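Me: Hello! I am new to this structure, and I would like to go through it in questions and answers. Could you show it to me before we begin?

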Amino acid sequence: SSYRGDNVNDIAFTAESRIPDPQRMIRAYSQSAATLNLLRAFAQGGYANLHQVHRWTHDFMGRSPWSKKYAETADRIGEVLEFMAACGIDPETVPQLAQTHFYTSHEALLLPFEQALTRQDSLTGDWYDTSAHFLWIGDRTRFEGSAHVEFLRGIGNPIGVKCGPSLEPDNLLRMLDTLNPGRIPGRMTLITRYGFDKIEAHLPKLVRAVTREGHPVVWSCDPMHGNTVKAVTGYKTRPFDRILAEEA
């Protein structure tokens, strides 16, 4: 059996390790909940305070070519905060200065996991997948009649669709009609993942078709998955110049 990810089985190359284990999804939920609790503590407990801007320069910033620009931006933020404080605006009077919001996202791949975390809003009657704020359908699971499409069309979360070389404009339009029949702005994000050498041949015809039909979408680029190569070590990697070329 193939390795299906840590939520399903183990990467070790043995028959026993590759047996799907449902307990892994339960452990993944617990680890995710712990991570979110830590992020909430940072976001609301003062670490996000803009007055900490100079403390966000961790070791990696010292090695970054952007470290000087970051320091200049941080200095300007500090100057603005000092001016605001002189006007009586500080974290005590405006708590938002010391907090921030964060949002989570992942591919809705393991439907048993997603279904277990789906809840109905008691006020509106709408259904939401509470495993993340934003969920997307992968390039391999977005075909017509897919259980993943059927699931995501029934939830109220904002959702995304990965768009690769095999996706034709007519199929995309049918997918949009299924997932967002009400054409609600902000509901749909189209995530392109072609590879630097294929994007010019495929993306423009999708953009033209979506624009022609008037579907409100957000276009987003995933420059990673279409640019994967295998290094001499056997590990998969993505050359940075190809990533930049796809985004350009």
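Me: Which residue in β4 stands opposite H106?
Reply: A word on the source: this is a predicted model, where local features need pLDDT of at least 70, side-chain atom pairs count only at pLDDT 80 or more, and totals for chains, interfaces and linings use all residues. Residues are numbered from 1 along each chain as its sequence is written, and side-chain values use heavy atoms, leaving out hydrogens and water. Strands β1 and β4 (residues 134–137) run parallel and are joined by three bridges; strands are DSSP runs (E, at least two residues), helices are runs of H or I with at least four, and both are numbered from the N terminus. The residue opposite H106 is L135.

Me: In what order do the five strands of the open sheet lie?
Reply: Two strands pair if DSSP finds at least two bridges between them, and in this sheet the pairing is parallel. The edge strands, each pairing on one side only, are β1 (105–107) and β7 (217–221). The order is β1-β4-β5-β6-β7.

Me: Which residue is the bridge partner of T189 in β7?
Reply: Strands β6 and β7 run parallel, with five bridges joining them. The bridge partner of T189 is V218.

Me: At about what angle does helix α7 run to β7?
Reply: Helix α7 (residues 199–213) lies across β5 (159–163), β6 (188–192) and β7. Axes here are lines fitted to C-alpha atoms, for helices over the stretch in contact (heavy atoms within 4.5 Å). Angles are taken between N-to-C directions and run from 0 to 180 degrees. For α7 and β7, the angle is about 170°.

Me: How many disulfides does the structure hold, and why does C163 not bond with C221?
Reply: A disulfide is counted when a pair of cysteine sulfur atoms lies within 2.5 Å. The closest cysteine sulfur to that of C163 is in C221, and because they are 11 Å apart, they are too far for a bond. The number of disulfides is zero.

Me: Is C163 buried or exposed?
Reply: Buried means under 20% relative accessible area, exposed over 50%, and partly exposed in between, with a 1.4 Å probe and protein chains only. C163 has 0% relative accessibility, so C163 counts as buried.

Me: And is K236 buried or exposed?
Reply: K236 lies in strand β9 (residues 236–237). Leaving aside residues up to four places away in sequence, K236 touches T228, V229 and K230. Its relative accessibility is 69%, so K236 counts as exposed.
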